[in-house]
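Hi there,

Here is the structure I promised to pass on to you. Have a look at it first, and then read my notes below.

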Amino acid sequence: MKKTFLFIFISLFLLNCKQQVPATKEAAIKKANEINGFIVDVNISANNSIEVLFDKENGVHIDDCLSISRYIHSEFDRDVEDYSLTVCSPGLTNAFKVKEQYFKNRGKEVIVKKNDGKRISGVLRDLLLNDDVILDVKKKIKNTKNYSIQEVVVSLSEIKETKLKINFK
């Protein structure tokens with residue numbers, strides 16, 4: 001009897017968490033759009049910890065995070081459902097999750113890991129409407145110390161992950 005009750009309680013709790021994701025994401029997207037940003041991801045853990053990853057073309061400021069956080073708090077009643085909320089940037093070392101991140105990072109050096117395991121390092125030129133990613137890749141010219149820039153096109157469907165290349169120069 002106790003195991004059945006516990007199973008039903010946990011199942012209902014997890015179902016409630018899953019139902020909250022769309023509502024939370026909807027609220028976050030609405031506010032992000034108002035401040036010219038975009039939502040990268042929304043995660044809700046089993047203990048009701050909500051994490052909203054937010055980004056903007058010109059970078060994330062603390063005021064932007066506060067604005068989204070306050071808006072989400074105003075949309076949900078903490079007396080009905082207790083939760084913790086974190087709104088932050090997606091970070092420099094995390095893989096891209098949405099197309100907007102490709103647009104935001106045009107002109108920056110990235111590392112693309114393809115589904116077949118191959119890695120391509122180059123400057124992100126663009127993401128086309130047909131979901132092709134265009135990279136400018138530096139190739140060494142044989143028997144010289146010179147390099148040439150070659151255009152490499154990779155379809156998003158071939159990409160396992162894309163990350164910014166961090167240079168400490």
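E151 is partly exposed, because its relative accessible area is 48%; buried means under 20% relative accessible area, exposed means over 50%, and partly exposed lies in between, using a 1.4 Å probe and protein chains only. Salt bridges with shared partners join E151 with R125 and D136 into one network. A salt bridge here is a side-chain nitrogen of Lys or Arg within 4 Å of a carboxyl oxygen of Asp or Glu.

Before going further, please note that this is a predicted model: local features need pLDDT of at least 70, side-chain atom pairs count only at pLDDT 80 or more, and totals for chains, interfaces and linings use all residues. Residues are numbered from 1 along each chain as its sequence is written, and side-chain values use heavy atoms, with hydrogens and water left out.

Back to that network. The side chains of R125 and E151 meet in a salt bridge at 2.7 Å, N to O. This pair links distant parts of the chain, with R125 in strand β5 and E151 in strand β7 (residues 147–155), 26 residues apart. Helices (H or I, at least four residues) and strands (E, at least two) are DSSP runs, numbered from the N terminus. R125 is partly exposed, because its relative accessible area is 37%.

How many salt bridges does a search of the whole structure find? The search gives 10. Here are two others that you can look up:

- D126 and R106 meet through their side chains in a salt bridge of 3.4 Å, N to O. D126 lies in strand β5 (residues 119–127) and R106 in the loop between α3 (99–104) and β4 (109–114), so this salt bridge ties together parts that are 20 residues apart in sequence. D126 is partly exposed, with a relative accessible area of 22%, and R106 is partly exposed too, at 39%.
- E34 and K31 form a salt bridge between their side chains, at 3.1 Å, N to O. Both lie in helix α1 (residues 2–34), 3 residues apart, which is about one turn of the helix. E34 counts as partly exposed, because its relative accessibility is 47%, while K31 counts as buried at 16%.

Next, the rings. The structure holds 1 aromatic pair. Why is the pair of F96 and Y102 called edge-to-face? Their ring centres are 5.0 Å apart and their planes stand at 85°, so the pair gets that name. The rule is that rings of Phe, Tyr and Trp (its six-membered ring) pair if their centres lie within 6.5 Å; planes under 30 degrees apart count as stacked, over 60 as edge-to-face and the rest as tilted. F96 and Y102 are both buried.

Another ring has a charge for company: the charged end of K138 sits over the ring of Y147, 4.9 Å from its centre. That wording requires NZ of Lys or CZ of Arg within 6 Å of the ring centre and within 35 degrees of the ring normal.

One last place to visit is the loop between β3 (84–88) and α3, where L92 is found. L92 is exposed, with a relative accessible area of 55%. T93 also has its place in the loop between β3 and α3, and T93 is exposed at 55%. The C-alpha atoms of T93 and K163 are separated by 6.6 Å, although these residues are 70 residues apart along the chain.

Enjoy exploring!
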